[in-house]
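Here is a short report on one protein chain. The sequence and structure come first, then the details by topic.

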Amino acid sequence: MKGYKKLNISISVIIPVYNSISFIKGCLNSLIRQDYSLLEFIVVDDGSTDGSGAVCDEFARQDKRFHIYHQLNQGIAAARNSGLKHVHGEYIAWVDADDYISENWIQSVVKAIEKNHPDCLLFDYSTLDSYGMTPVYYATSSQFIKQDIYVYELSCDDKIHSHLWRHVIKKSIWDHCSFSKNIHVMEDYQVLTKLAIYMENIYYLHPVSSNM
């Protein structure tokens, strides 16, 4: 990371992939541009049949930060749990195969973690449709969020929506939780409410130019 060589927070990013050939290259290209050595990408190919797995393998040959794991198709919960078994970072982030992150995403995230030492970092994102990019903000400034406020707003699906990929959470907290293979609706909400019990320090970072 240019200009940030003193930072030493390690981040693992888990990317579940299943038949994502239309957008997986764009996703992985946005990851490979992240200029930070203490970053690993755990890509779990959940039995893709459209060539997505081969595309992931090619990125691993280009950049040693990519670690690709292929498995028989078992669903998103199993793919995410597989990813959790392979991480080494102090913090865990998530990217879906149809997400894209901005080039300065890792700089903003790591600097905020170094300064504030949160259990969970929550960041802004933008949606993309035929009308262009639309930013989605939690608040107008960076701030800590009280645990009970976080749970309340998550439950109301109001200012905080149950998007797992909007969160960067300590690995030690993930040790308390995994994804249930029996839940097929609102999986992110289910796991975030479980994790919230252990997230005493929640920090909202504004703004992060994250095109997710």
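## A parallel pair in the sheet

Strand 5 (residues 120-123) and strand 10 (residues 202-205) run parallel and are joined by four bridges. Within this pairing, Leu-122 has Tyr-204 of strand 10 as its bridge partner. The model is predicted.

Helix 4 (residues 105-116) packs on the sheet. Its direction makes about 140° with that of strand 10. The helix touches strand 1 (11-17), strand 2 (39-46), strand 4 (91-94) and strand 9 (167-170). It also touches strand 5, strand 8 and strand 10.

## The whole sheet

Strands of a sheet pair through backbone hydrogen bonds, either parallel or antiparallel. Here the sheet is open, has eight strands and shows mixed pairing. The strand order is 3-2-1-4-9-5-10-8. Strand 3 (66-71) and strand 8 (143-145) stand at the edges. Each has a single partner strand, so one side of each is left without a neighbour in the sheet. From one strand to the next, the twist averages 25°.

## Chain dimensions

The protein chain has seven helices and 10 strands. Its radius of gyration is 16 Å, close to the 17 Å that the globule rule gives for 212 residues, so the chain is as compact as a globular protein of that length. Along the principal axes, the C-alpha trace spans about 45 × 45 × 40 Å.

How much of the chain is buried? Of its 212 residues, 51% count as buried. Contacts also reach across the sequence. Among those between residues at least 6 apart, 82% join residues at least 24 apart.

One C-alpha pair gives a sense of scale. Gly-26 and Gly-89 are 63 residues apart along the chain, and their C-alpha atoms are separated by 24 Å. Gly-26 sits in helix 1. At 26% relative accessibility, Gly-26 counts as partly exposed.

## Two nonpolar cores

The largest nonpolar core has 34 residues. Those with the most contacts inside it are Ile-11, Val-13, Ile-15, Leu-31, Trp-105 and Val-168. Helix 4 supplies the largest share of this core, six residues.

Ile-11 shows how such a residue is surrounded. Leaving aside neighbours within four places in sequence, Ile-11 is in contact with Leu-38, Leu-39, Glu-40, Gly-89 and Tyr-91, among others. Its further contacts include Ala-93, Ile-106, Val-110 and Ile-113. A second, separate core has 30 residues, including Ala-77, Leu-122, Ile-160 and Ile-169.

## His-167 in strand 9

Is His-167 buried or exposed? The residue lies in strand 9. Its relative accessibility is 1%, under the 20% limit, so His-167 counts as buried.

A polar atom of the His-167 side chain lies 2.8 Å from the backbone oxygen of His-163. Beyond its neighbours within four places in sequence, His-167 is in contact with Ile-92, Ala-93 and Trp-94. Its contacts also include Cys-120, Leu-121, Leu-122 and Phe-123. Tyr-150, His-161 and Leu-192 are in contact with His-167 too.

## His-206 after strand 10

His-206 lies in the segment after strand 10. Which side chain makes a polar contact with the side chain of His-206? That of Asp-124 does, at 2.9 Å. In addition, the backbone oxygen of Ala-139 lies 3.4 Å from a polar atom of the His-206 side chain.

Leaving aside neighbours within four places in sequence, His-206 is in contact with Asp-124, Tyr-137, Ala-139, Thr-140, Ser-141 and Ser-142. His-206 and Gln-143 are 63 residues apart along the chain, yet 8.2 Å separates their C-alpha atoms.

## Positive phi in two loops

Asn-19 is found in the loop between strand 1 and helix 1 (24-32). Its phi is near 45°, a positive value in a residue other than glycine. Asn-19 has a relative accessible area of 29% and is partly exposed.

His-117 is in the loop between helix 4 and strand 5. Phi is near 50° for His-117, again a positive value in a residue other than glycine. The relative accessible area of His-117 is 51%, over the 50% limit, so this residue is exposed.

Notes. Residues are numbered from 1 along each chain as its sequence is written. This is a predicted model: local features need pLDDT of at least 70, side-chain atom pairs count only at pLDDT 80 or more; totals for chains, interfaces and linings use all residues. Side-chain values use heavy atoms; hydrogens and water are left out. Two strands pair if DSSP finds at least two bridges between them. Axes are lines fitted to C-alpha atoms, for helices over the stretch in contact, and angles run from 0 to 180 degrees between N-to-C directions. Contact means heavy atoms within 4.5 Å. Buried means under 20% relative accessible area, exposed over 50%, partly exposed in between (1.4 Å probe, protein chains only). A polar contact is a pair of N or O atoms within 3.5 Å; within protein, one must be able to donate a hydrogen and the other to accept it, and residues adjacent in sequence count only if both atoms are side-chain atoms. A nonpolar core is a set of buried Ala, Val, Leu, Ile, Met, Phe, Trp, Tyr and Cys residues joined through side-chain atoms within 4.5 Å. The radius of gyration is taken over C-alpha atoms; the globule rule is 2.2 Å times the number of residues to the power 0.38.
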